[in-house]
Amino acid sequence: MDTMRERFASVTSRLLDEDPRLAVVLAEIGTDGFAAAARRHPDRVLNVGIREQLLVGVGGGLALAGMRPVLHTFASFLIERPFEQVKLDLGHQDAGAVLVSAYGSYDWPAGGHTHMAPGDVALLDTLDGWTVHVPGHPDEAATLLRHAVSAGDDKVYVRLSEQVNAVGRPVTGAGFLTVREGRSGVVVAVGPVLDDVLAATEGLDVTVLYAATVRPFDAAALRAATRGAGRSADVVLVEPYLAGTSTAYANDALADVPHRVLGLGTARRELRRYGTVPEHVRAHGLDPASLRERIAAFTGAPAGTRTAA
């Protein structure tokens, strides 16, 4: 199976052939994947070098000129380093673009903290009008990339990951999917954490919702899943980035319903040893055993899940 980044390069290269409005802007990262496309479309595959602020600025200019720019580099260089340009050159100018990141929270531990961005989605939440896709499989990445490119002139962030689920789900670019139904709580699994959440909740009487698109937040799906939960709804959010990023959205969705929300994800505490991806997953309590302990303790869910999809 190809990686999400490989699928991104192949799908976007085909889209360049199909859509004359499309342009790809790179900052050294990912140039090999677009080498053939750059030969076919030298005026629409641009490499600005290691200048991430310029990457976003050029994207904003292309958008204002009527193009549909796709900007790509590591998440820490795409969202954090040029955040002022994301805020002003795109947001303030009301210029749409598709930002496609890689190596989000800890996908490349050897790169150290400079190459990690667990706070990227939370940072984008300070801005208005962003759609955020977090695919959990290369097939989902392909679908969501096509959706993002065709989304008029909207501002879209696609967060790719080295971690993947075993199978892709039928994502549409909007809304949550019900993967499992139960009565003692709702667990929302975002993108590549779904398989670990399903393993963690096996035999627990909880509903599992899958979110490959987290902004806009699917308040209606969450409200529907909590109906019949008794006097109070227990909701656990499991996100592959900063813990608690979406808790405010869940609280707003259930503002008129008695409820509790637990946000699980990457901890704020910085891990200063490189380690491996599985070691980072365990250190943040996102492995199946740790998730099961935390979810069961919070929801009090007994064994006996009703249905699975």
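So, what is the order of the seven strands in the open sheet? Going across, β2-β1-β3-β4-β6-β5-β10, with mixed pairing. Quick note on terms: helices (H or I, at least four residues) and strands (E, at least two) are DSSP runs, numbered from the N terminus, and two strands pair if DSSP finds at least two bridges between them.

Before I go on, this is a predicted model, where local features need pLDDT of at least 70, side-chain atom pairs count only at pLDDT 80 or more, and totals for chains, interfaces and linings use all residues. Residues are numbered from 1 along each chain as its sequence is written, and side-chain values use heavy atoms, with hydrogens and water left out.

Back to the sheet. At its edges you'll find β2 (45-47) and β10 (213-215); each has a single partner strand, so one side of each lacks a neighbour in the sheet. On average, neighbouring strands are turned by 20° against each other, direction ignored.

Now look at β1, residues 22-26, and β3, residues 68-74: they pair in the parallel sense over five bridges. In that pair, alanine 23 sits opposite proline 69 of β3. Packed on the sheet is helix α3 (residues 52-64), touching β1, β2 and β3 (contact means heavy atoms within 4.5 Å). The direction of α3 makes about 170° with that of β3; axes here are lines fitted to C-alpha atoms, for helices over the stretch in contact, and angles run from 0 to 180 degrees between N-to-C directions.

Next, a helix pair. The axes of α1 (residues 4-18) and α7 (residues 138-149) come within 9 Å and cross at roughly 35°. Residues making the contact include Phe8, Val11 and Leu15 from α1, and Ala141, Ala142 and Leu145 from α7.

Just before α1 comes the segment holding methionine 1. Leaving aside neighbours within four places in sequence, methionine 1 contacts His137, Pro138 and Val164. Buried or exposed, then, is methionine 1? Exposed, with a relative accessible area of 67% (exposed is over 50%, buried under 20%, partly exposed in between, with a 1.4 Å probe and protein chains only).

Last, the inside. The largest nonpolar core (buried Ala, Val, Leu, Ile, Met, Phe, Trp, Tyr and Cys residues joined through side-chain atoms within 4.5 Å) has 44 residues. Leu99, Leu124, Trp130, Tyr157, Val188 and Leu222 have the most contacts inside it. Helix α3 gives the most to this core, with four residues. A second, separate core has 26 residues, among them Val179, Val193, Val208 and Leu291.
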